[in-house]
Amino acid sequence: MPVLTRDEAQTRAQLLDIQRYEVDLDLTTGEDTFDSHTVIHFTAHTAGDTFVELKPATLRTVTLDGQPLDPETLLGNRLALNLTAGPHELRVDCAMRYSHTGEGLHHFTDPADGERYVYTQLFMEDVQRVFAAFDQPDLKAVFDLTVTAPDGWSVLANGITEQQDDGRWKAARTPLLATYFVAVAAGPWHSLTTEHAGLPFGLHCRRSLAPHLDADADELFEITRQCYDRYHEKFEEPYPFDSYDQAFVPEFNAGAMENPGLVTFRDEFIYRSAVTDTERQTRAMVIAHEMAHMWFGDLVTLRWWDDIWLNESFAEYMGYQTLTEATRFTDTWVDFGITRKAWGYDADQRPSTHPVAPAPDAVPDTASAMLNFDGISYAKGASALRQLVAWLGEKDFLAGINTHFKRHKFANATLADFIDSLASATDRDVHAWAATWLGTTGVDTLTPEITETESTWALAVNRDGSRPHRITVGAYDTDPADTSRLVLRERLDIDVPGENHIRQGNRPALLLLNDGDYTYAKVRLDADSWNTALRSLSGLPDPLTRAVIWNAARDMVRDGQLAPTAYLEAARAHLPHESDLAVVQGVLQFAAAQVTDRYLPAAQRPAALALLTDLTRDLIRRTEDGSHPGLRLTAVRHFISAAAQPDTLRAWLIEDSVPGGPELDPELRWRILTRLAVLGASDEREIAAALAADPSATGEEGAARCRAALPDTSAKEAAWTAMFTGDALSNYLFTATAQGFWQPEQAELLQPYVARYYQDVVPLAVRRGPAIADAAGRHGFPLHAIDEESLTLGETCLTQPDLLPALHRKLTDQVDDLRRALKVRSA
């Protein structure tokens, strides 16, 4: 089907003005399709030809101004319209297919109780799967929505909904919205409501998760209120919609979606099992992120998809900053630095990198726009905004933001509009800053150069790159009372490039560029500082400082400048003494998923797993007193994943508890069972019994993961057939199967499937679409196969002309990561 181009969108926007949609959905027609009736009221400024988009199962009738149009003229997803100048009314009656891939109107049957749920995800171009629309972000309109739902269901939408006398649900008319923001969620929801600042607030989940939502409702409402109040302190424009509902929905592809008035979240955020406080912080950040979108994205919307970074970078920055200011989560930038920022650094060093703000010709259509939802648009963009605030000052930054809201509320805006609004609040050259920071690619590297005299030391910062940086430099001395600890001597605020900085006295034991992590750049340590860090890293007083050093070590491993084993040894030395959970989680994740599984040759992997086992065992011992439950849970999880022998895991499973706690909850049971399956210490009989004991959606995913992980030829072939031949797997079951399939321990058994992957993934993506293509490229890729043959297969696959864009982007990144892993091994 053709995708919308920028040129087509600009032409249509000049031709049309859309006043109102009347959308009537009937969800009672079966489990495969639903009925969709749409009336669009619009005006053509001149006579001309255009089109409306829709992807129906059956197009029954179309009328334009009362005159029937031939349904057979629908070509792909486009219905041609020949318009005279003036007002028009288009009516479309069709049946639409439910989705099982998280796109359009997703249909889910809960295996726990058989209840059915549907919800929309209309981002980019999936509104066409639900109703006919002029589907581009700058043709905003108001929406009147009516839904017929089965008895016992409730219906959520962008505005307050009420059930009418005829049984149908009617939503309040919306203000002007882009088509991709229309939202519906229907089913027998478990709902909790309250009121804040005169608005109804709601939390919603499927019934089988009701006890878990009830347990966390106070926390979720509190975070929502705190963020809402803080945004009203920052923003002069009040919250622009009539209610604020948060629906936790099944099999959601993203973390969340900022539908005005009805934010949808993946329902893994309703915790069935124990989680760490850092994971609760992540959930809180997503709440803050999506609420920021109510202003930036929903109230003021991009004109075309090249400016998607404006939505996501702003919400990412505001989410972390507002959480730090308004909630109990006061160290959110540590997690950002060690988790999200690394995502941005990695993306920015691949062939697929792009500027934060791409040039207009770089996003010619919606297919290319989808490729920019990555670590650059989120993490790098948020890092750039954090650097902008450090350079501009928060007062002027917020003044510019409020000017932007005032100028463009309920309308559309571009990067140029945003920069003009910021420039109106300051004398600094924001346009030059934007050109340098937002219009270029790559990561700068900052390296200190220290010279000493008898009474002074001097610092120069060498920059490999082109951006100006406002950074803080931390100077630390060894604590004379405890040589394993470091104490801050001073912090210097400097500009790079800039003059040398001369200080009195001896040079510090450790000098750290970008202390505080205010800029976006890789940093290096001089030899003396690196030696100090290796000895005393865990003795630094600030977790964000420690995170910056861990990131430097991570970058050095990826760049072939630090041996992967040295990173593992540093983790072994310092994580037992680390107090910040985000740091522990980030370091263990990189140590396991990248260093152990990819950067070390296969012959060195057993020793690396043994080191991780010893490390996590130390953490488990350290937390026996119950004082650090999150740290203990993290250690237990990683112990399970690193276990090379089944005995301890089997004992835990039999006892249904880790000695000294925690007791096994569903997440830990499935994690243990998956590892036992990998090690050949479980079988189909045990997996089926576990699923019978946990007949939930996550139970089905756990069973799929375990079955695919079994080191058995028939199990592998069955999993492969389910993923690449059949279409029955939903997006989540596909992902779970893919996660279980590839295991480094099973390299010999899996060898024939590496070549099959590149043969089978291309037609799979074409057949099942972007969401499954993304999952197949992300989770289905043979990550363990680090060799020249795999690299050649990947490079050859990328030359195929029929690669779906979503798959091409994923494979480009994966093949580049494979190339990097080979270089790290050779270094």
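Here is a chat between a biologist and a modeller about the structure above.

Biologist: What kind of model is this, and from where are residues numbered?

Modeller: This is a predicted model, in which local features need pLDDT of at least 70, side-chain atom pairs count only at pLDDT 80 or more, and totals for chains, interfaces and linings use all residues. Side-chain values use heavy atoms, with hydrogens and water left out, and residues are numbered from 1 along each chain as its sequence is written.

Biologist: Let's start inside. Which helix gives the most to the largest nonpolar core?

Modeller: A nonpolar core is a set of buried Ala, Val, Leu, Ile, Met, Phe, Trp, Tyr and Cys residues joined through side-chain atoms within 4.5 Å. Buried means under 20% relative accessible area, exposed means over 50%, and partly exposed is in between (1.4 Å probe, protein chains only). The largest core has 213 residues, and those with the most contacts inside it include Tyr 21, Leu 27, Phe 397 and Trp 550. With ten residues, the top contributor to this core is H14.

Biologist: How many residues are in the second, separate core?

Modeller: That core includes Ala 704, Tyr 753, Val 762 and Leu 807. Its count is 33 residues.

Biologist: Which residues does Phe 397 touch, leaving aside its neighbours within four places in sequence?

Modeller: Contact here means heavy atoms within 4.5 Å. By that rule, the partners of Phe 397 beyond four places in sequence are Tyr 317, Met 318, Leu 385, Leu 388, Val 389, Leu 392 and Leu 422.

Biologist: Is Asn 402 buried or exposed?

Modeller: Asn 402 is found in helix H8, residues 394-408. Helices (H or I, at least four residues) and strands (E, at least two) are DSSP runs, numbered from the N terminus. Not counting residues up to four places away, Asn 402 touches Lys 234, Phe 235, Glu 236 and Glu 237. Because its relative accessible area is 7%, Asn 402 counts as buried.

Biologist: Which elements do the buried residues of H9 pack against?

Modeller: Helix H9 covers residues 415-423, and its buried residues are Asp 417, Phe 418, Ile 419, Ser 421 and Leu 422. They pack against helix H4 (308-326), helix H7 (376-392), H8, strand S22 (411-413) and helix H10 (430-438).

Biologist: On to empty space. What is the volume of the second largest pocket?

Modeller: On a 1 Å grid over the protein atoms alone, a cavity is a set of points where a 1.4 Å probe fits but cannot get out, while a pocket is an open set with protein on both sides within 12 Å along at least five of seven lines; lining residues have an atom within 4 Å of a point. Grid points are joined across faces, edges and corners, and a volume is the space filled by probe spheres set on the points. For the second largest pocket, that comes to about 430 Å³.

Biologist: Which helix gives the most to the lining of that second largest pocket?

Modeller: The lining has 25 residues, with Thr 276, Asp 277, Thr 278, Leu 581 and Gly 630 nearest the centre. Helix H3 (277-293), helix H14 (581-599) and helix H16 (629-642) each supply at least two residues. With five residues, the top contributor is H16.

Biologist: And how many residues lining the largest cavity are charged?

Modeller: The largest cavity has a volume of about 60 Å³, and its lining includes Tyr 345, Lys 522 and Asp 555. Asp, Glu, Lys and Arg count as charged, Ala, Val, Leu, Ile, Met, Phe, Trp, Tyr, Cys and Pro as nonpolar, and the others, Gly among them, as polar. The lining divides into five nonpolar and two polar residues, with the charged ones numbering three.

Biologist: Now strands. Which residue in S24 stands opposite Ile 450?

Modeller: Two strands pair if DSSP finds at least two bridges between them. S23 (residues 445-452) and S24 (residues 456-464) run antiparallel, joined by eight bridges, and form a hairpin with three residues between them. Opposite Ile 450 stands Leu 459.

Biologist: Which are the edge strands of the open sheet with the order S16-S17-S18-S20-S19?

Modeller: Five strands form this sheet, and the pairing is mixed. Seven bridges join S16 to S17 (residues 199-205) in antiparallel fashion. Pairing on one side only, the edge strands are S16 (190-196) and S19 (256-257).

Biologist: Last one: how far apart in space are Thr 792 and Leu 54?

Modeller: Thr 792 is in helix H25, residues 788-797, and counts as partly exposed at 45% relative accessibility. Thr 792 and Leu 54 are 738 residues apart in sequence, and their C-alpha to C-alpha distance is 40 Å.
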